[in-house]
Amino acid sequence: MTRVVAALARTGRAVRWYTTTLLGDHDYARYVAHVERLHPGTAPVSEATYWRERHAEQDTHPGARCC
Amino acid sequence: MVARTTEPIRTDPDLPPVAVVENGPMPASRRAVFVVVAVIGAVAWSVLALARGETVNAVWFVFAAVCTYVIGYRFYSRLVEAKIAHPRNDRATPAELHDNAKDFMPTDRRVLFGHHFAAIAGAGPLVGPVLAAQMGYLPGTVWIIVGCVLGGAVQDYLVLTLSVRRRGRSLGQMARDELGRFGGVAALVAVFVIMIIIIAVLALVVVNALAASPWGVFSLAMTIPIALFMGVYLRFLRPGRVSEVTVIGVVLLLLAIVAGGWVAETSWGQDWFSLSPVALAWCLAAYGFAASVLPVWLLLAPRDYLSTFMKVGVIVLLAVGILLARPEVQAPAVSSFARNGDGPVFAGALFPFLFITIACGALSGFHSLIASGTTPKLLEKESQARPIGYGAMLTESFVAVMALVTAVIIDQHLYFAMNAPAGATGGTAATAADYVNGLGLGGTPITPGEIERAASAVGEDSIVSRTGGAPTLAFGMSQVLSTVFGGTGLAAFWYHFAIMFEALFILTTVDAGTRVARFMLSDSLGNLGGPMRRFRDPSWRTGAWTCSVVVVVLWGAILLMGVTDPLGGINTLFPLFGIANQLLAAIALTVVTVVVVKKQLYRWVWIPAVPLVWDLVVTMTASYQKIFSSEPRIGYWAQHRAFQDARDAGEQTFGVATSPAQMDAVIRNTAIQGTLSIVFAVLVLVVVVVGAVVMVRSVRAGGLPTTEEPDEPSRMFAPRGMIPTAAEREVQALWDEHARERAGTAARS
């Protein structure tokens, strides 16, 4: 029984990890880690600013969606 | 027997290995699994191909498809990898080299698979197979599965591989680099015109699905305020909480579908949301323009989240539904329309028209625009191009097989009542019943009452001549899903659920496509130099607005033409859509073949060349027939002349045209369609001929340099495929330990 519950919990966590990563929930955390790793000493921008910059980038670099 | 060898590859003595090379024969247990898969696949194919007279269960389609994909992926894609792609995981990918945590960023292979799949899959693989079902289930199934394994998936995979070695450059740029300036310009123009026609025809599918359906129009209209709300929420209330807002959006979306049923019952709902096809076409054009000039965060980005979530969800739902409902197939294996080429859904014989009707799902040129440009900038390791490029296309092919299943499990009389143009069915249940009973479909004839009951079961006033594929797919899906979940009481909900998500996919293509085309136009204008250079600045509003207007007018005009076409829009325009898409594939495969020849891989050049030659034969035959056929049903110009002659003879009605104005419309439309066919074919021939010249030059010179970027050693590790091997898990453990040590040192210092 406990094994089934544990397996279900694991599956639940995996689905959650996948959907949240796919949609982009962790993108800001990744960006912060990226700044820390490659540009130590510089402060990362705030989460709101990060998304503003990303959307501004998308404004000028549109990606196609297929039919 | 040779034993398996594993060899870790290091690029830096201070770092753990960045890759593992494993060689040797497959373990016996694994071989046994593939033998079993092959046998099940062979049995499934025999059932599909040899069943005559007895009914076939839809589950056999799933078995035939999945087993073929497993074998194709394990053996054919590995051959392509070993002989052409030559991935090297000690080489840094553009994502690793240019990592900026934005467009370049090493992304987990499973997540990237999801992104790539959401970007390539849309309404195309859902619509084409439904229309192709008029030829019976067998030809479509064979082409979707075999075409994908040997053609479509190879194209996606190799274009991705090329682009990864070229800093993620787009197909247009790669064409210019590899084919020279002239070929490059022809490719760029072709991509632009092809994009316009694809947007127009997809928009036409939406219009046909929603015309005179207040329920559908209400639900789809609600997606716009929902997206705006999501955009504002993410920008100002809770930035970065993407999955949270997506869940809210999906709940609102489901509510909008349910509410649509209530609204369609009220008199004001019917007044407001029963839109004519022409009105809907204008709404779509206005929407496309707005999406092109509004900031991405407000409309496009949130709509994309919804669409991604729905895509994966709906496809899983449909697969589960088919497996649980296990419906019986109603269509014949090969219909008489396949042999005689006189079907009402689209004109022409099986060869070549089946292959251009099922474009996406088997071989889709549009994918090469995503496999170059977006996905390669996110790839962690070169070898992951195989699971992502080849694997995602197999998944899309599977979606197409399921779409075909939903069309062939519907009563065949109903199928043709829904898909024959209004000019043939007369638009009412009574005339439609007469018409389809006269088609010689066999089985029990249908009564007008049965057609009306089928319509009211899904909450619509009429389902006669709802062409374009989307309503038929929704009807079949509602049939499958209501048997499994909720019974007949939910049939209307599932129908509108399916209409809604198809429309949502198409709107995503329409808005993103308009935007991409706008940028292509402004870049090209800017490249002309002089005062035009200003167009290159995307923040120049006048330029953005002008280019958006031009793009929307171009596709909007074709859309309006299709909507008002007396011959029934879809059956005249869909072939152009298919030809355009397949011609784009020809351009992509030409670029791939040129690179393979330049690298002197002559022995394996057939891998991209076979799909290229097949694709050229299909599209050039189809284009030839569309341009030169003397039969008005097939040839645009023959139709044009027939109506012109009737008009000159002073006739007031001709064929399905009931007035001189309608005759003029046919004369004008066929001229435009005929001209477009010529333009497409000529542009692609130019690209292919330039490609052939470059190949000959390369063979004479003993190989030519390609524009591959120089090697940079990788400094990170990721598994080769989707599932890490035992050796790769060990290396991953070394990296985890390395990261802990570094964190420990950093904390002490």
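**Crossing helices, chain shapes and a few odd backbone spots**

Reader: At what angle do the axes of helix α9 (residues 242-265) of chain B and α22(B) cross?
Author: At roughly 120°, and the two axes come within 10 Å. Keep in mind that this is a predicted model.

Reader: What makes α9(B) and α22(B) oblique to each other?
Author: Set the angle against the cut-offs. Roughly perpendicular ends at 115 degrees, and roughly antiparallel needs over 145. A crossing of roughly 120° falls between those limits, and therefore the pair α9(B) and α22(B) is called oblique. As for its hand, this crossing is right-handed.

Reader: Which residues of α9(B) and α22(B) meet?
Author: From α9(B) you have I257(B), V258(B), G260(B) and G261(B), and from α22(B) there are A492(B), F493(B), H496(B), F497(B) and M500(B). Sorted by class, the contact of α9(B) with α22(B) comes to six nonpolar, three polar and no charged residues. Gly counts as polar here, so G260(B) and G261(B) go into the polar group.

Reader: And how do α12(B) and α22(B) cross?
Author: Helix α12 (residues 300-325) of chain B and helix α22 (residues 491-527) of chain B have axes that come within 10 Å and cross at roughly 140°. Roughly antiparallel asks for over 145 degrees, so the call for α12(B) and α22(B) is oblique. The crossing of α12(B) and α22(B) is left-handed.

Reader: Which residues make the contact of α12(B) and α22(B)?
Author: On the α12(B) side they are L300(B), R303(B), D304(B), L306(B), S307(B), M310(B), K311(B) and V314(B). On the α22(B) side they are F501(B), L504(B), F505(B), T508(B), D511(B) and A512(B). By class that gives eight nonpolar, two polar and four charged residues.

Reader: What makes chain B as compact as a globular protein of its length?
Author: Put the value next to the rule. The radius of gyration of chain B is 26 Å and the globule rule gives 27 Å for 749 residues; those are close, so chain B passes as compact. Its C-alpha trace spans about 85 × 60 × 55 Å along the principal axes. Buried residues make up 56% of the chain. Chain B has 28 helices and two strands. Of its contacts between residues at least 6 apart in sequence, 80% join residues at least 24 apart.

Reader: How does chain A fare against a compact globule of 67 residues?
Author: The globule would have a radius of gyration near 11 Å, but chain A has 17 Å. Its C-alpha atoms fill a box of roughly 50 × 45 × 20 Å, and 22% of its residues are buried. Chain A has three helices and zero strands, running α-α-α from the N terminus on.

Reader: How many residues does each chain bring to the contact of chain A and chain B?
Author: Chain A brings 28 and chain B brings 44. In chain A, the elements giving two or more residues to that side are α1 (2-23), α2 (27-38) and α3 (47-60). The most comes from α3(A), with nine residues. By class, the chain A side has eleven nonpolar, ten polar and seven charged residues.

Reader: Why is S465(B) called buried or exposed?
Author: Buried starts at 20 other C-beta atoms within 10 Å. S465(B) has 25, so it counts as buried. It sits in the loop between α20 (448-457) and α21 (470-484) of chain B.

Reader: What does R167(B) count as?
Author: Partly exposed, because R167(B) has 17 C-beta neighbours inside 10 Å, while exposed needs 12 or fewer and buried 20 or more. R167(B) lies in the loop between α6 (137-164) and α7 (171-210) of chain B.

Reader: What is phi of R167(B) and of S465(B)?
Author: For R167(B), phi is near 55°, a positive value in a residue other than glycine. For S465(B), phi is also near 55° and positive. Most residues other than glycine have a negative phi, and most peptide bonds are trans.

Reader: Which kind is the peptide bond from F351(B) to P352(B), cis or trans?
Author: It is cis, with omega near 5°. P352(B) belongs to helix α14 (residues 350-357) of chain B.

Methods. Residues are numbered from 1 along each chain as its sequence is written. Chains are lettered from A and ligands numbered from 1 in the order in which they are written. This is a predicted model: local features need pLDDT of at least 70, side-chain atom pairs count only at pLDDT 80 or more; totals for chains, interfaces and linings use all residues. Axes are lines fitted to C-alpha atoms, for helices over the stretch in contact, and angles run from 0 to 180 degrees between N-to-C directions. Helices (H or I, at least four residues) and strands (E, at least two) are DSSP runs, numbered from the N terminus. Angles under 35 degrees count as roughly parallel, over 145 as roughly antiparallel, 65 to 115 as roughly perpendicular and the rest as oblique. A crossing is left-handed if the near helix is turned anticlockwise from the far one by less than a right angle, and right-handed if clockwise. Two residues are in contact if their C-beta atoms, placed from the backbone, lie within 7 Å. The radius of gyration is taken over C-alpha atoms; the globule rule is 2.2 Å times the number of residues to the power 0.38.
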